[in-house]
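Welcome to this short tour of a protein and its ligand. Let us look at where the ligand is found and what surrounds it.

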Amino acid sequence: MAVERTLTILKPDCVKKNLIGEVTKRIQESGFKIIAMKMTRLTKETAGGFYDVHRERPFFGELTDFMSSGASVPMILEKENAIADFRKLIGATNPAEADKGTIRADFADSLGENIVHGSDSVENGKIEAAYFFAESEVVANRS
Ligand code: ADP
């Protein structure tokens, strides 16, 4: 299996609930290597840029309000089969439909406020990683 990278965001609900440590622990114990990480606060505009694909959806305003409502923690994660394995670890978008024991099933309150983001493809993972991190901020690239 190929080593892949995925971009996650510990969303504002994760930060507000003091779950940064717990969620990061689960990510690391599942074999993901954190190769970039920062705390930031998105604006409504930068959140909109990240979720540009959803711009015409009815929940876009709610989504960008939520994503800019507080601090969040983007990270680039590396692992074999990272894209699929991370989606499995976090569970379905709607926590009510997420498998038992997944991060969203255990910690998320609603479809909108669902604790974490995970890239849905290798290609999108690259685009999303570049949205948050310069090459110089990716530790795996340093000697
Ligand atoms: P995922 O984050 O699992 O890849 P999507 O790309 O479909 O899911 O949606 C992006 C984010 O938009 C979701 O994680 C969720 O926070 C929000 N979202 C998706 N669908 C809805 C909805 N119907 N109502 C409110 N928020 C939504």
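## Where the ligand sits

In this predicted model, the ligand sits in the largest pocket. That pocket holds about 710 Å³ of space. Its lining is made up of 27 residues, and those closest to the centre of the pocket are Tyr51, His54, Phe59, Leu63 and His117.

Which elements of the fold each supply at least two residues of this lining? They are the helices α3 (44-50), α4 (60-67) and α7 (122-132), together with the strand β4 (116-118). Of these, α7 gives the most to the lining of the largest pocket, with 4 residues. Sorted by class, the lining has 9 nonpolar, 9 polar and 9 charged residues.

## The shell around the ligand

Now let us turn to the ligand's own neighbours. Lys11, Tyr51, His54, Phe59, Glu62 and Leu63 are among the residues that surround the ligand. Further along the chain, the shell also includes Arg87, Thr93, Arg104, Leu111, Gly112 and Asn114. By class, the residues of this shell divide into 4 nonpolar, 4 polar and 4 charged.

If you compare the two lists, you will find Tyr51, His54, Phe59 and Leu63 in both: these residues surround the ligand, and they are also among those closest to the centre of the largest pocket.

## Polar contacts and cover

Which side chains have an N or O atom at 2.9 Å from an oxygen atom of the ligand? Arg87 has one, and Asn114 has one as well. For Thr93, an N or O atom of the side chain is 2.6 Å from an oxygen atom of the ligand. On its own, the ligand has 530 Å² of accessible area, and the protein covers 79% of it.

## The second largest pocket

There is another pocket to explore. The second largest pocket has a volume of about 180 Å³. Its lining counts 13 residues, and Arg5, Gly125, Lys126, Ala129 and Glu135 lie nearest its centre.

Here β1 (3-10) and α7 each supply at least two residues of the lining. The helix α7 gives the most to this lining, with 5 residues. The classes here are 8 nonpolar, 1 polar and 4 charged residues. So keep an eye on α7 as you turn the model: this helix gives the most to the lining of the largest pocket, and it also gives the most to that of the second largest pocket.

Definitions and conventions: Residues are numbered from 1 along each chain as its sequence is written. This is a predicted model: local features need pLDDT of at least 70, side-chain atom pairs count only at pLDDT 80 or more; totals for chains, interfaces and linings use all residues. Side-chain values use heavy atoms; hydrogens and water are left out. A residue is near a molecule or strand if one of its heavy atoms lies within 4 Å of it. A polar contact is a pair of N or O atoms within 3.5 Å; within protein, one must be able to donate a hydrogen and the other to accept it, and residues adjacent in sequence count only if both atoms are side-chain atoms. Accessible areas come from the Shrake-Rupley method with a 1.4 Å probe; for residues, only the protein chains shown count as cover. On a 1 Å grid over the protein atoms alone, a cavity is a set of points where a 1.4 Å probe fits but cannot get out, and a pocket is an open set with protein on both sides within 12 Å along at least five of seven lines; lining residues have an atom within 4 Å of a point. A molecule sits in a cavity or pocket if more than half of its atoms lie within 2 Å of its grid points. Ala, Val, Leu, Ile, Met, Phe, Trp, Tyr, Cys and Pro count as nonpolar, Asp, Glu, Lys and Arg as charged, and the others, Gly among them, as polar. Grid points are joined across faces, edges and corners, and a volume is the space filled by probe spheres set on the points.
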